[in-house]
Amino acid sequence: MEARRQGHAEAEQRARQLSRLEAGGLARQLEGARNLLTWLAELGAEESDTLRARALLTRLLEKNPDYANLYLVAPDGHVRVSAVPMPGGFHLADQDYFRQAAVWKDFVVGAYQIDPLTPRGCLPLVPPGLHAAGAPRGFAAAHFELARHQRAPLQDAQPGGRTGGGAGG
């Protein structure tokens with residue numbers, strides 16, 4: 001009986017260790033996403049050629065299978081360009097995660113949803129927008145696909161989808 005309890009305890013300990021490792025891996029991936037999207041927001045604010053921007057987003061999406069889609073977004077929430085072709089007039093302004101990123105000026109991980117363009121389960125990600133004289137100049141956004149990370153909990157997420165990391169950074 002004692003050996004059985006010990007076996008259960010060891011199995012639970014291994015499961016907790018695996019969960020921490022997976023969560024750490026997801027946290028690193030989200031930090032990488034934050035860096036990529038911050039860079040894309042910078043680039044998107046300067047890039048007016050939609051075809052070049054779409055080509056770049058498409059190449060990045062092909063090389064990064066963790067994403068269901070990548071977007072460049074105007075300050076008003078209008079999606080300027082998407083890696084996955086989309087209908088005209090697509091907006092993020094009505095999405096809580098987008099409004100939170102604009103107000104908090106911090107990286108936001110939105111609630112689980114199905115990407116409207118790719119029917120894949122994902123987490124919306126939006127870093128703080130680029131600001132000039134206090135007004136946002138543009139945003140980048142991504143839908144991070146969860147299928148590859150289903151067993152990893154989002155331990156760092158705070159209520160409302162905001163992650164730790166401080167304002168603006």
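So, strands E4 and E5: E4 covers residues 113-114, and 2 bridges join E4 to E5, with the two running antiparallel. Just so everyone's clear, what we're looking at is a predicted model. Within that pairing, Ile 114 has Gly 121 as its bridge partner in E5. The hairpin these two strands make has 6 residues between the strands, and in that hairpin Pro 119 takes a positive phi near 25 degrees.

Stay on E5 for a minute. E5 has another antiparallel partner in strand E3, residues 108-109, again through 2 bridges. Here Val 109 is the residue to click on, and its bridge partner in E5 is Leu 125.

How many of the residues of E5 are buried? It's 6 of 6, so to speak, and the strand is mostly covered. In a regular strand, side chains alternate between the two faces of the sheet. You can see the two sets here: Gly 121, Leu 123 and Leu 125 point one way, Cys 122, Pro 124 and Val 126 point the other way, and all are buried.

Okay, on to the cores. The largest nonpolar core has 26 residues, and the ones touching the most other members are Leu 40, Tyr 67, Leu 70, Leu 125 and Phe 144. Who feeds into this core? At least two residues each come from helix H1 (2-46), H2, strand E1 (67-73), E5 and strand E7 (135-145). H1 gives the most, with 7 residues. There's also a second, separate core of 12 residues, and Tyr 71, Phe 98, Val 126 and Ala 141 are among them.

Leu 40 is a good one to zoom in on. Skip its neighbours within four places in sequence, and Leu 40 is in contact with Leu 56, Leu 57, Leu 60, Leu 72 and Ala 140.

While we're on H1, have a look at Ala 33, which sits in that helix. Is Ala 33 buried or exposed? Buried, because its relative accessibility is 0%. Not counting residues up to four places away in sequence, Ala 33 touches Tyr 67 and Leu 125. Ala 33 and Val 126 are 93 residues apart in sequence, yet their C-alphas are 9.1 Å apart in space.

Next, helix H2, residues 50-63. H2 has 14 residues and reaches 20 Å from its first C-alpha to its last, which is close to the 20 Å expected at 1.5 Å a residue. Its buried residues are Ala 53, Leu 56, Leu 57, Leu 60 and Leu 61. Why do we say they line one face? Because, looking down the axis of H2, those buried residues fall within an arc of 135 degrees. An α-helix has 3.6 residues a turn, so residues three or four places apart point the same way. On the other side of H2 you've got Leu 51, Arg 52, Glu 62 and Lys 63, and those are exposed.

At the start of H2, check out Asp 49: one of its side-chain oxygens reaches to within 3.0 Å of the backbone nitrogen of Leu 51. Thr 58 is in H2 too, and Thr 58 is partly exposed because its relative accessible area is 26%. The C-alpha of Thr 58 is 10.0 Å from that of Tyr 71, and the two are 13 residues apart along the chain.

Over to E1. It's joined by 3 bridges to strand E2, residues 79-82, and the pair runs antiparallel. One of the pairs to look for is Val 73 with its bridge partner in E2, Val 79. The E1 and E2 hairpin has 5 residues between the strands, and there Gly 77 takes a positive phi near 95 degrees.

Then helix H3, residues 96-104. Tyr 97, Phe 98, Gln 100 and Ala 101 are buried in it. Down the axis of H3 those buried residues fall within an arc of 165 degrees, so again they line one face of the helix. Just after H3, Lys 105 takes a positive phi of about 55 degrees.

Last residue: Glu 145, in strand E7. Glu 145 counts as buried because it's at 13% relative accessibility, and the cut-off for that is under 20%. What does its side chain make a polar contact with? The side chain of Arg 120, at 2.2 Å. Beyond its neighbours within four places in sequence, Glu 145 is in contact with Pro 65, Asp 66, Tyr 67, Ala 68, Arg 120, Gly 121 and Cys 122. That brings us back to Gly 121, the E5 partner of Ile 114.

Technical notes. Residues are numbered from 1 along each chain as its sequence is written. This is a predicted model: local features need pLDDT of at least 70, side-chain atom pairs count only at pLDDT 80 or more; totals for chains, interfaces and linings use all residues. Side-chain values use heavy atoms; hydrogens and water are left out. Helices (H or I, at least four residues) and strands (E, at least two) are DSSP runs, numbered from the N terminus. The expected span of a helix is 1.5 Å times one less than its number of residues. Buried means under 20% relative accessible area, exposed over 50%, partly exposed in between (1.4 Å probe, protein chains only). The arc is that of the directions from the helix axis to the C-beta atoms. A polar contact is a pair of N or O atoms within 3.5 Å; within protein, one must be able to donate a hydrogen and the other to accept it, and residues adjacent in sequence count only if both atoms are side-chain atoms. A nonpolar core is a set of buried Ala, Val, Leu, Ile, Met, Phe, Trp, Tyr and Cys residues joined through side-chain atoms within 4.5 Å. Contact means heavy atoms within 4.5 Å. Two strands pair if DSSP finds at least two bridges between them.
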